[in-house]
Amino acid sequence: MQVTNVNDVRVYNLTCAQKAVPEWINDDKRKKLKKEADVKQRIELIQGFEMPMLSSSIAMTRDGQYIFVTGSYKPRVRCYDLNELSLKFERCFDHECIQMKILSEDYSKIVFMHANRYIEFHSQVGNYHTIRTPKQGRQFDYRYSSCDLYCVGATNEIYRFNLEQGQFLEPISSKSPGFNTCQFNPEHELFACGSVEGHLECYDPRARSIAGQIDCAVYANSNSGNSLPAVSCLKFKDALNLSVGMTTGQILLFDIRSNKPYFIKDHNYNLPIKRIDFHTQNDDYILSIDKKICKIWNRHTGKNLTSIEPGTPVNDMLNVPGSGLICLTNDAPKIFVYYIPTLGNAPKWCTFLDNITEELEEKPADTVYDDYKFLTLKELDTLGLSHLIGSDLLRAYMHGYFMDIRLYNQAKTVAEPFAFAEYRKKKLREKIDEKREKSRVPLPIVPTVNKDLAEKLLLDEGESTTKNKKKKKNQKDAEDKAPQSSVLKDSRFQSLFTNPDMQIDVNNEAFKNIAPLVSRLNKQSVVEDDSISVENGDEEEDNEDGKEEYDDMMDDILTSDEEEQEKREKTQSRRTKLVPVGAEDESDEETLRSLSFSERARKTIESKNSTSSTRLHNINPVSTSSNEKQKKRNFDDTEDHRKNVRRAPRGRMNSRRGER
């Protein structure tokens with residue numbers, strides 16, 4: 001898809017995806033530039049939307065379902081079904097078709113005017129009837145209220161043919177030697193004709209007499225020698241506005257109540273205007289074509305929105321109603337299709353164009369040629385390539401030169417070797433600036449009107465946000481909650497801080513009467529805020545105290561046994577007794593009974609170790625080994641007993657601690 005950007009308006013060429021090739025390139029180079037990848041990426045909007053040699057006229061049915069195109073060679077008409085995006089049927093003619101008119105809402109009734117003075121009426125099955133006019137016709141139009149077909153041509157008579165009666169009616173005679181175009185106004189059925197002498201004549205079909213005449217040649221600039229400017233086309237916008245195209249390239253906009261145009265637009269090519277159309281969605285824009293160009297311009301200012309130059313002579317134009325899709329018939333096999341999103345969206349039968357163009361809008365558009373770069377003389381000097389002027393590597397064009405894109409890239413890398421380093425520094429600087437902007441605290445903007453009230457509202461909002469944050473348990477809840485609406489940002493109260501008439505007058509009697517109440521409410525709100533903050537603080541302290549008590553209780557439960565053991569060891573270490581070896585007192589038995597089982601086992605082991613150390617010189621190796629075995633047995637017994645002992649529940653331990 002080829003994209004051009006003229007006046008910051010994107011124009012998408014949907015005809016083919018081949019690159020725009022300059023005119024000065026030879027045929028051999030043209031063939032080399034055509035790549036297979038371009039053919040694969042081509043977007044074919046309607047299958048087979050072309051003619052064998054050229055296409056002459058194009059029209060769309062009123063229901064928007066079918067498009068008719070006439071062309072040659074051999075002369076034919078093709079009907080395309082837009083729901084299927086393909087060809088529906090094709091019919092051939094004996095002579096070239098000059099104009100066609102679709103009478104019904106679909107493809108069932110069509111009228112064709114041929115170059116051999118014949119007019120054919122076609123139905124959905126084929127050719128229904130054929131009539132022949134006395135003189136060669138150039139254009140015709142249909143009056144729906146009376147079923148009359150009006151035909152103008154190379155004669156001073158306007159032929160009328162009634163389709164209900166199937167016969168010619170009395171023609172309307174005129175003073176002009178011939179006419180080029182004609183059209184009925186759809187609102188009040190005024191019949192307007194454009195003569196070869198540059199006159200605009202309007203007829204009332206009810207009285208069959210002329211209603212008015214305007215000399216349009218006076219307002220046209222004639223550069224064609226002795227010949228007078230003639231009217232080439234007409235188009236009604238509504239009941240009052242009429243546009244007239246001249247053979248000299250001017251477009252005159254008339255109000256039928258005045259004999260002077262209120263605006264004149266010039267194509268500046270001195271070529272006949274072939275068709276004028278008012279855009280249905282944007283009423284301010286007009287589409288006009290001549291043999292070379294299609295222009296889209298504002299009807300109030302005359303400023304060009306954009307223009308399309310296909311490169312081949314243009315014959316007719318179709319603007320799909322309510323969209324930005326334009327079809328141009330020309331002297332080439334392909335029918336050019338262009339899409340301009342600025343004018344409107346894509347039609348309902350090709351909505352996929354909007355998705356494609358949205359993706360392409362993110363990429364820069366190649367405005368001139370893909371394989372060539374346009375450089376001015378100043379840019380050539382900066383690259384150091386001014387010595388190439390006059391050689392085959394540069395092609396002079398307007399105020400600069402065209403250069404091969406590969407040579408341009410090589411010259412740019414040589415002239416700017418540190419371009420990547422500068423690009424990297426620029427990106428790093430942008431990231432640092434973004435971080436700085438995020439880290440900065442935005443200061444509130446206080447309005448000049450009612451400044452005290454605005455500061456108070458900002459203070460209240462800040463306090464409310466801090467309170468909400470304290471009440472939040474999790475940070476996720478704070479993030480998920482939507483921000484509250486601010487009075488300062490609300491559009492309903494915008495005038496309170498912008499309009500000077502809304503300034504609060506402190507010296508006013510009404511304000512003085514309300515002032516005590518306002519101060520009392522402020523004090524009450526302050527007291528409530530303090531009480532809420534105190535309650536929140538007490539709740540937090542209670543929660544912290546509860547947590548500390550729970551932690552202390554758990555620590556006491558886990559370390560109670562160890563503390564008791566340490567205390568008992570200290571008391572036992574202070575009590576010293578001399579007990580003979582092997583002797584046992586009753587007091588010792590009592591003390592042993594008071595101890596726990598583990599302490600008793602430890603005590604017995606220590607006593608045995610002490611006795612064994614005193615009698616070490618009398619003990620043989622056999623006795624030591626027996627003592628060691630006895631120690632292991634005692635230790636195993638204590639371990640088994642410790643495993644079997646069940647620990648007291650926490651409630652009982654807490655009750656014992658309370659008794660202490």
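A residue counts as buried when its relative accessible area is under 20%. His279 has a relative accessible area of 2% and is therefore buried. The model in which this residue is described is a predicted one.

**The surroundings of His279**

His279 belongs to the loop that links strand E23 (275-278) with strand E24 (285-289). A polar contact is formed within this region: the side chain of His279 reaches the backbone nitrogen of Asn282 at 3.1 Å. When residues up to four places away in sequence are set aside, His279 touches Tyr285, Leu287, Asn319, Ser323 and Leu343. Of these neighbours, Leu287 is also a member of a nonpolar core of 16 residues, which includes Cys294, Met317 and Ile326 as well.

**The chain as a whole**

The chain contains 14 helices and 32 strands. It has 660 residues, of which 33% count as buried. Its accessible surface amounts to about 42,400 Å², and carbon and sulfur atoms contribute 49% of that area. Among contacts with a separation of 6 or more, 46% are between residues 24 or more positions apart.

**The largest nonpolar core**

Which residues have the most contacts inside the largest nonpolar core? They are Leu45, Phe49, Leu325 and Trp349, in a core of 25 residues. At least two residues of this core come from each of strand E3 (54-60), strand E4 (66-72), strand E28 (325-330) and strand E29 (336-339). The contacts of Leu45, not counting residues up to four places away in sequence, are with Leu14, Leu85, Leu325, Val337, Trp349, Cys350, Phe352 and Leu353. The core of 16 residues that includes Leu287 lies apart from this one.

**Antiparallel strand pairs**

Several strand pairs can be set side by side.

| Strand pair | Bridges | One pair of opposite residues |
|---|---|---|
| E8 (residues 110-114) and E9 | four | Met113 and Ile119 |
| E9 and E10 (residues 127-132) | five | Ile119 and Ile131 |
| E13 (residues 157-162) and E14 (residues 167-173) | five | Glu157 and Ser173 |
| E16 (residues 191-195) and E17 (residues 199-204) | four | Gly194 and Leu200 |

Strand E9 (residues 118-122) is mostly covered, with four of its five residues buried. On one hand E9 is joined to E8 in the antiparallel sense, and on the other it pairs antiparallel with E10. Ile119 takes part in both pairings: it is the bridge partner of Met113, and it stands opposite Ile131 in E10.

The turns of these hairpins contain residues with positive phi. Three residues separate E8 from E9, and Arg117 in that hairpin takes a positive phi near 70°. Between E9 and E10 there are four residues, and Gly126 in the turn has a positive phi of about 150°. The hairpin of E13 and E14 likewise has four residues between its strands, with Gly166 at a positive phi near 75°.

**The sheet E15 to E18**

Strands E16 and E17 also belong to an open sheet of four strands, ordered E15-E16-E17-E18 and paired antiparallel. Its edges are strand E15 (179-184) and strand E18 (209-215), each of which pairs on one side only. On average, neighbouring strands in this sheet are turned by 20° against each other, direction ignored. Within the sheet, E16 and E17 are joined by four bridges, and Gly194 faces Leu200 across that pairing.

Technical notes: Residues are numbered from 1 along each chain as its sequence is written. This is a predicted model: local features need pLDDT of at least 70, side-chain atom pairs count only at pLDDT 80 or more; totals for chains, interfaces and linings use all residues. Side-chain values use heavy atoms; hydrogens and water are left out. Two strands pair if DSSP finds at least two bridges between them. Axes are lines fitted to C-alpha atoms, for helices over the stretch in contact, and angles run from 0 to 180 degrees between N-to-C directions. A nonpolar core is a set of buried Ala, Val, Leu, Ile, Met, Phe, Trp, Tyr and Cys residues joined through side-chain atoms within 4.5 Å. Buried means under 20% relative accessible area, exposed over 50%, partly exposed in between (1.4 Å probe, protein chains only). Contact means heavy atoms within 4.5 Å. A polar contact is a pair of N or O atoms within 3.5 Å; within protein, one must be able to donate a hydrogen and the other to accept it, and residues adjacent in sequence count only if both atoms are side-chain atoms. Accessible areas come from the Shrake-Rupley method with a 1.4 Å probe; for residues, only the protein chains shown count as cover.
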